[in-house]
Amino acid sequence: MSHVEKLSIPCDAEERLQYIKRQFPAAIGPDLQHKWAGGRVNGLKKLNDIDAVAYNSNRNFINGAVTHLSPYLRHGCITLNESFTTIKTRFGRSAEKLLFEFAWRDYWRQVWFAEGNAIYSEMEPSKVDIGYAPLNDFVTKGNTGLPCMDGFVHELLDTGYMHNHARMWFASYVVHHLKIDWRAAADWFEAHLLDGDSASNHLSWQWVASTFSAKPYFFNKENLARFTGDKYCAGCTAACPFDASYEVLNERLFKAALLPTAKQYTLTPPAKHAISGVSGLAVFIHDEMLSAAHVLLMRQLPKIFVFDPQIHGEWSLNRLQFVADCLSEMEDVEVWLGDTYEVLTARGVGQVITQDTPNTKIKQRLMPFSPEWQPATKFAEVEISRQHLKRFSKYWEKVGPLMLGDGDFRKP
Ligand SMILES: Cc1cc2nc3c(=O)[nH]c(=O)nc-3n(C[C@H](O)[C@H](O)[C@H](O)COP(=O)(O)OP(=O)(O)OC[C@H]3O[C@@H](n4cnc5c(N)ncnc54)[C@H](O)[C@@H]3O)c2cc1C
């Protein structure tokens, strides 16, 4: 039996940071920055601060009015539905762009629900020749010599955040210029993000690579310079690999795909025995439901959260601190460190109730405990077939009119 320990998360924010650092000595990276403090209260503050009109016009700029909601949505501190409704009510049609972006998060998640572990393998054959070079230190430490790419990586390592456009440029550079295995890069990337989420992350990498899109995503210097202003390009003396027309880059980067097959990766789930002879019932709080307002917290049952090395072992220090912030707001939740199976058996739990998730790592670990999966509220009350999940545009045909199409919203 491996070590299991009950944690006592301090109420004081500074003490909490230090406590988590002591509990997870192997966790990498700096402390969580104050502006990224976790929890529902901070998530709601960020939601209230949104300027959806500015977002509409400048979200693609690196210093645009983006929301920074993603870590709060990823961990369930606030829900996609309440964010959508709040913004739609407050801004009406001028928020259309932001509401559309919220749908992207739901779309990737729906694909994960439908496809399960297949999202970790290539969903389709790539449309161009992509490479499988190993991920190396000069990329992960931000030492490529390109101020833009190195700047993006340093921001990621320092804060746990990267702007969406920077994620696209960086992924494109890694996959199409360096010909690095997208899967290795995606795993590394996810481990450093405060909002790390296999659906949005791995499927976005595949969208860039062209294994889940009709064509590869690439960009040129003009595009990067436009949306980053003078930040990286002014004074840059590096030999710029992006300084060319799209035609030239297309010619330089891509050959037709040589192997019209989709590469598969295998995952081996840990085998655990079903529990028998133990009857305790508990609410299992997993890392997508970290909200003090979660409906399952109302249940008169023990509530248990586990920092499980098999699930959270690769997470950066600041993300573990973010999670601890969330947990500190949730009354009566026992927080444990150790293997989920061993924690639950040590607690005499035979069955768990929890929120449904597409995360197969969580699902597999709870299987021995006959889990009762409570569905989370759907983003759009509509059945979406696997065919409609092949592309966002098809998904949006179904979801868009339902979510945006009421008369008031459309009024000028
Ligand atoms: C290579 C790559 C990896 C990514 N990995 C992740 C990830 O691990 N976790 C994650 O949450 N997002 C991921 N994204 C999507 C997107 O970049 C982030 O959601 C967004 O940058 C988060 O910042 P924000 O909250 O300020 O976004 P905003 O631009 O303010 O958008 C508001 C919200 O809309 C949703 N959203 C916006 N754009 C996207 C998008 N392209 N895909 C999905 N949802 C979107 C997010 O929930 C976001 O919080 C990735 C994108 C790329 C290109």
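This tour moves through a predicted model, from its domains to its ligand and then to three helix pairs.

**The domains**

Begin by colouring the chain according to its domain assignment, which gives domain 1 (1–31 + 268–379), domain 2 (36–118 + 384–410) and domain 3 (122–253). Domain 1 and domain 2 are each written as two segments, whereas domain 3 is written as one. Next, display domain 1 together with domain 3; their centres, taken over C-alpha atoms, are separated by 33 Å. Where these two domains touch, 10 residues come from domain 1 and nine residues from domain 3. On the domain 1 side of this contact there are four nonpolar, four polar and two charged residues.

**The ligand**

Select the ligand and the residues around it. The shell comprises 28 residues, and the closest to the ligand are Thr67, Ser70, Asn164, Asn201 and Ser204. Sorted by class, the shell holds 11 nonpolar, nine polar and eight charged residues. Return to the domain colours: domain 2 (36–118 + 384–410) and domain 3 (122–253) each contribute at least three residues to the shell. Then highlight helix H4 (70–74), helix H6 (96–115), helix H9 (164–177) and helix H11 (198–209), each of which supplies at least two shell residues.

**H6 against H11**

Keep two of those helices, H6 and H11, in view. Their axes lie 8 Å apart and the helices pack at an angle of about 90 degrees. H6 is therefore classed as roughly perpendicular to H11. To see the contact, show the side chains of Arg105, Trp108, Arg109, Val111 and Trp112 on H6, and those of Ser198, Ala199, Ser200 and Leu203 on H11. This contact consists of five nonpolar, two polar and two charged residues.

**H10 against H11**

Leave H11 displayed and add helix H10 (residues 182–192). The axes of H10 and H11 come within 10 Å and cross at roughly 145 degrees. The crossing of H10 and H11 is right-handed. From H10, select Trp182, Ala185, Ala186, Phe189 and Glu190; from H11, select Ser198, Asn201, His202, Trp205, Gln206 and Ala209, which complete the contact. Six nonpolar, four polar and one charged residues make up the contact of H10 with H11. Asn201 deserves a second look here, as this residue of H11 takes part in the contact with H10 and is also listed among the closest to the ligand. Ser198 likewise appears twice, in the contact of H11 with H6 and in that with H10.

**H1 against H15**

Finally, move to helix H1 (residues 13–23) and helix H15 (residues 317–328), which pack at an angle of about 125 degrees with axes 9 Å apart. At that angle, H1 is therefore oblique to H15. The crossing of H1 and H15 is right-handed. Select Arg16, Leu17, Ile20 and Lys21 on H1, then Leu317, Leu320, Gln321, Ala324, Asp325 and Ser328 on H15, to display the contact. Its residues are five nonpolar, two polar and three charged.

Conventions. Residues are numbered from 1 along each chain as its sequence is written. This is a predicted model: local features need pLDDT of at least 70, side-chain atom pairs count only at pLDDT 80 or more; totals for chains, interfaces and linings use all residues. A residue is near a molecule or strand if its C-beta atom, placed from the backbone, lies within 6 Å of it. Helices (H or I, at least four residues) and strands (E, at least two) are DSSP runs, numbered from the N terminus. Ala, Val, Leu, Ile, Met, Phe, Trp, Tyr, Cys and Pro count as nonpolar, Asp, Glu, Lys and Arg as charged, and the others, Gly among them, as polar. Domain bounds come from an automatic or database domain assignment. Axes are lines fitted to C-alpha atoms, for helices over the stretch in contact, and angles run from 0 to 180 degrees between N-to-C directions. Angles under 35 degrees count as roughly parallel, over 145 as roughly antiparallel, 65 to 115 as roughly perpendicular and the rest as oblique. A crossing is left-handed if the near helix is turned anticlockwise from the far one by less than a right angle, and right-handed if clockwise. Two residues are in contact if their C-beta atoms, placed from the backbone, lie within 7 Å.
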